[in-house]
Amino acid sequence: MTKRDVRKGVVRRGVLALAAWWLWMPLVALLVWVVKHFLFGGFGQQDQSYVLLVDQELFPHGGLLDAAPLFWLWVAVGLLGTVWGVAFVADESGAGFRGWRVRLVVAVVVLATVGSLVRAGTGMWDDDKDAGRYYARATVLDVPAGGSAVPRSVLAVTEHTRSGDGGRCDLVGTADVPACVKTAPMPDFDFEARTASYAAATKALTDSAGLASGVHLMGHSLHYLPDASQGGGVWTALLDGSGEQPMEGVAVWDGRSNTVATCAFGGDRAFGRAFSGTGANSLRNLLAERFPGLVYSEQDVWGYCDGPDPRTARPVVVISVARQIGWMQRTVVEPAGVLVLRGSADGRPDMTYREEVAPGELPGAVYPGSVVRAQIHEVQWLGGRGAKDDRGFGYSHTSASTNADNPGEFLLRSKKDGHLYYVTPLVPRESSSQLVVAFAVLQADRTGGGLNDLHVYVRGDDAPSVNLDVLASRMVSYMAQQTSITISAGAGGALQEIVPFGRDMWRGFVDFNGQTQDYIDLSGDATVKPNLVSLNGSITAPGGQPTPAPATPAPSATAPAPSAPAPTAQAPAPGGGCGGDPTQLTTAQLAACVAELSRTLQGRVQESGTARP
């Protein structure tokens, strides 16, 4: 065998080794896709999740252009193996490294390796900041004043700015993440207040809805729809099926009455799928197959009854969807419209995709709440990496115990313009302070054309301080003074949730046995007399017999100041039927009766003491 034949054999083995070195990972990835796509073709989530993962980790833009850092790491590893392969061929063939061709190949491969590592390193370093850059384009910091009066919580951004266009942005940040600053206070949206807490709605709808086995309340679908029916907003949730049991319908509770209504699928509006279904009953797989480019979070799924009477209305399921898109060397998620699902005569879900939705076309939020939370999180980047890392700039959801289960993204309707907004109280990031220093507000009833503007209304340093723990303490104290009943606040306590509404007004919900019995309205600056309202009634299942409602509460002697919203001012009333069988009363009603008896007895003792000579 000649030297030439030996060299050819060595080169051939080297080429085969390099081909195996470069191709085994792509071939394995392709094999996994083939298995998921063809063998599990009926399971759309398998196919969809894998394609999205590949796009996210390797090819955000669907190709080599601006590939992800992981791809460039794979290229660098492949090139290092190529250097070894070239060295092996050169050594085995006897050519060594004296030839200019070998030296040129090694030099090119080494340079390409260094370039790949640099590209991977810069991509990983800027990965989180690139997400901040994307969401910053739709973020506005609204500050109440300029100069020395700028709130301290936003100084990390405003200290380094230049003049803006005077329209959308009065100032523009000079950091590598663009910031838009508007000198304007938070407008008076005058939001409509709710009448029951998230916890009470969960309890009411969980215990009193669902008539078939295998049906359960889809917890994350619990949504408050302001003014979805006459007389105020309602709480709704999906009654989802499981296994082979399809979805039952949509449960509705108005927060005031003692019954839960249900608009059910069936007849010419049958619905043969369920989010928790298996096999052919899986709605998630069907959605992934029909709309592989759309993603959603469970908190973006809700339903409503299309009609005045829930018993005859058509149930409708709405999914606020998003789309994963390429941005820089990564992917981000942007709103992409809604999916509207209805029943049909043959049980196949009637699915309509609407890329754009105008205000008023649907009764709830059409903009994904999960995207809103991402936008709030990325506010921390508006001052650049230095302000975020060194000065802790940014805002976070409150960690107050009363709002532990529901800290933000409250869906509220403005009385001023009639639009729906996500409203979130914010505290300083990386701080033990629980002072509310800003409100994040985003219009929720419109979607289409990318991100909606997130307005972060920063409160002035001289504004009345608002701390949810302090508000909770004031509410508990006032409740004890007015009713002689001591309640506790926080997770597991009676005071479950504090939600903003109106101008500097807050409403706290008092729950007993999972039901909202009272609510208290307080102003943040303590200038408005607290307003305590007692709600009546208990929750019964559809078709059940509700318990008689207690007597109508008597009006309070003092009404709220004109600057605050004016709900019906009522003093807490004792539970109804105090002269009846005590075993038939709820815990809250019994406690109210005891409190009323104590007050009456105390009054008689005082009267008798006054009559003495």
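## Disulfides, a covered helix and a buried valine

The link of Cys263 and Cys305 is left-handed, with -85° about the S-S bond. Cys263 belongs to strand S10 (residues 261-264) and Cys305 to strand S13 (residues 301-306), so this pair ties together parts 42 residues apart in sequence. The sulfur atoms of Cys263 and Cys305 lie 2.0 Å from each other. Both of these cysteines, Cys263 and Cys305, are buried. The model is predicted, and the values here should be read with that in mind.

How many disulfides does the structure hold? There are two. Besides the link just described, a disulfide joins Cys169 to Cys180, with an S to S distance of 1.9 Å. This pair links distant parts of the chain, eleven residues apart. Cys169 sits in the loop between strand S2 (161-163) and strand S3 (171-173). Cys180 is in strand S4 (residues 180-183). The torsion about the S-S bond of Cys169 and Cys180 is about -110°, so this disulfide is left-handed.

Are Cys169 and Cys180 buried or exposed? The cut-off for buried is under 20% relative accessible area. Cys169 has 9% relative accessibility, so Cys169 counts as buried. Cys180 has 4%, so Cys180 counts as buried too.

Next comes helix H7 (residues 283-290). Six of its eight residues are buried, so H7 is largely enclosed by the rest of the structure. Which residues of H7 are buried? They are Leu283, Arg284, Asn285, Leu286, Leu287 and Ala288. The list includes Arg284 and Asn285 alongside Leu283, Leu286 and Leu287. What covers the buried residues of H7? The cover includes helix H2 (44-57) and three strands: S14 (314-327), S15 (330-342) and S16 (350-354). At the start of H7 there is also a polar detail. A side-chain oxygen of Ser282 reaches to within 3.2 Å of the backbone nitrogen of Asn285. Asn285 is itself one of the buried residues of H7.

The strands that cover H7 can be followed in turn. S14 and S15 pair in the antiparallel sense, over ten bridges. One of the pairings sets Gly326 against Thr331, its bridge partner in S15. S14 and S15 form a hairpin, with two residues between them. In that turn, Met328 has a positive phi of about 55°.

S15 also pairs with S16. These two strands run antiparallel and are joined by five bridges. Here Arg342 stands opposite Asp350 in S16. S15 therefore has bridges to S14 and to S16. How much of S15 is buried? The strand is mostly covered, with eleven of its 13 residues buried.

The last stop is Val379. This residue is found in the loop between helix H8 (369-377) and helix H9 (384-391). Is Val379 buried or exposed? Val379 has a relative accessible area of 2%, so it is buried. Which residues does Val379 touch, leaving aside its neighbours within four places in sequence? Val379 is in contact with Thr139, Leu141, Phe393, Tyr395, Leu454 and Val456. Val456 stands 77 residues from Val379 along the chain. The C-alpha atoms of Val379 and Val456 are separated by 8.8 Å.

Technical notes:
Residues are numbered from 1 along each chain as its sequence is written. This is a predicted model: local features need pLDDT of at least 70, side-chain atom pairs count only at pLDDT 80 or more; totals for chains, interfaces and linings use all residues. Side-chain values use heavy atoms; hydrogens and water are left out. Helices (H or I, at least four residues) and strands (E, at least two) are DSSP runs, numbered from the N terminus. Buried means under 20% relative accessible area, exposed over 50%, partly exposed in between (1.4 Å probe, protein chains only). Contact means heavy atoms within 4.5 Å. A disulfide is a pair of cysteine sulfur atoms within 2.5 Å. A polar contact is a pair of N or O atoms within 3.5 Å; within protein, one must be able to donate a hydrogen and the other to accept it, and residues adjacent in sequence count only if both atoms are side-chain atoms. Two strands pair if DSSP finds at least two bridges between them.
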